[in-house]
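Let's take a friendly walk through this structure together. Keep the model open and turn it as you read.

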Amino acid sequence: MLLRPVDPSGDILPVLSSSVLVSGSLAVTQLVRDRLNLLSGEWWENPAWECEVFEMMRNGRVTAQDVSALSSYLCSYIAATRGVRSVEDVHAALSGRQLTFSCRVLTEDGVEDVSYSVNL
């Protein structure tokens, strides 16, 4: 898998040579991050493409059981990403209305850490 490189804010960088394309475990984790951002509604063309679970939680009180359920859902979502073999070392926490999630993603080419946060 080859992907265009992105800057720290997730914006796609120009590619002048195929040697700067991202591959291997870095490409897989970049794809995971892109999918997570789409899940939380960060799509400029259609913000309504957000996960309905997040929207329901924004309208009510979030419990420890909700955090556990969201963590499990995110693990399944990440595991369905092309190139991901498994998701391990999962941590999820709620601070105020912000859910913070982190995990280690095992790919065919290596291991990478992924972190993600979303306001509920």
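Let's begin at a single residue: leaving out residues up to four places away in sequence, serine 25 touches Thr107, Asp109, Gly110 and Glu112. Serine 25 itself is found in helix 1. Is serine 25 buried or exposed? Its relative accessible area is 9%, and because the cut-off for buried is under 20%, serine 25 counts as buried. Please keep in mind throughout that this is a predicted model.

With that starting point in hand, step back to the whole chain. There are three helices and five strands, and read along the sequence they follow the pattern β-β-α-α-α-β-β-β. Of the 120 residues, 32% count as buried. The chain exposes about 7,400 Å², and carbon and sulfur atoms supply 51% of that area. Looking at contacts with a separation of 6 or more, you will find that 42% of them join residues 24 or more positions apart.

Now turn to the sheet. Three strands form an open sheet in the order 3-4-5, with antiparallel pairing. Why is one side of strand 3 and of strand 5 left without a neighbour in the sheet? Strand 3 (84-95) and strand 5 (110-119) stand at the edges and each has a single partner strand, so one side of each has no neighbour there. Neighbouring strands of this sheet are turned by 15 degrees against each other on average, direction ignored.

Follow the pairing strand by strand. Strand 3 and strand 4 (residues 98-107) pair in the antiparallel sense over nine bridges. Valine 84 stands opposite threonine 107 in strand 4, and serine 86 has leucine 106 of strand 4 as its bridge partner. The two strands form a hairpin with two residues between them, and glycine 96, in the turn, has a positive phi of about 65 degrees. On the other side of the sheet order, strand 4 and strand 5 pair in the antiparallel sense over ten bridges. Here phenylalanine 101 stands opposite tyrosine 116 in strand 5. Strand 4 and strand 5 also form a hairpin with two residues between them.

Before leaving the strands, pause at aspartate 89, which is found in strand 3. Its phi is near 50 degrees, a positive value in a residue other than glycine. At 46% relative accessibility, aspartate 89 counts as partly exposed. Leaving aside neighbours within four places in sequence, aspartate 89 is in contact with Ser102, Cys103 and Arg104. The C-alpha atoms of aspartate 89 and aspartate 113 are separated by 9.3 Å, and these two residues are 24 residues apart along the chain.

Next come the helices that meet the sheet. Helix 1 (residues 24-39) packs on the sheet, touching strand 3, strand 4 and strand 5; its direction makes about 15 degrees with that of strand 5. Helix 3 (residues 64-79) lies across strand 3, strand 4 and strand 5, running at about 155 degrees to strand 3.

Helix 1 deserves a second look. At 1.5 Å a residue, its 16 residues should span 22 Å, and its end C-alpha atoms are 23 Å apart, which agrees. Which residues of helix 1 are buried? They are Gly24, Ser25, Ala27, Val28, Thr29, Gln30, Val32, Leu36 and Leu39. When you look down a helix, a general rule helps: an α-helix has 3.6 residues a turn, so residues three or four places apart point the same way.

Finally, look inside. The largest nonpolar core has 23 residues, and those with the most contacts inside it are Leu36, Phe54, Leu74, Ile78 and Leu120. Helix 1, helix 2 (52-58), helix 3, strand 3, strand 4 and strand 5 each supply at least two residues of this core. Which element gives the largest share of this core? That is helix 3, with six residues. Leucine 120 makes a good last stop: not counting residues up to four places away in sequence, leucine 120 touches Phe54, Met57, Arg58, Val62, Leu70, Leu94, Arg97 and Leu99.

How values were computed:
Residues are numbered from 1 along each chain as its sequence is written. This is a predicted model: local features need pLDDT of at least 70, side-chain atom pairs count only at pLDDT 80 or more; totals for chains, interfaces and linings use all residues. Side-chain values use heavy atoms; hydrogens and water are left out. Two strands pair if DSSP finds at least two bridges between them. Helices (H or I, at least four residues) and strands (E, at least two) are DSSP runs, numbered from the N terminus. Axes are lines fitted to C-alpha atoms, for helices over the stretch in contact, and angles run from 0 to 180 degrees between N-to-C directions. Contact means heavy atoms within 4.5 Å. A nonpolar core is a set of buried Ala, Val, Leu, Ile, Met, Phe, Trp, Tyr and Cys residues joined through side-chain atoms within 4.5 Å. Buried means under 20% relative accessible area, exposed over 50%, partly exposed in between (1.4 Å probe, protein chains only). Accessible areas come from the Shrake-Rupley method with a 1.4 Å probe; for residues, only the protein chains shown count as cover. The expected span of a helix is 1.5 Å times one less than its number of residues.
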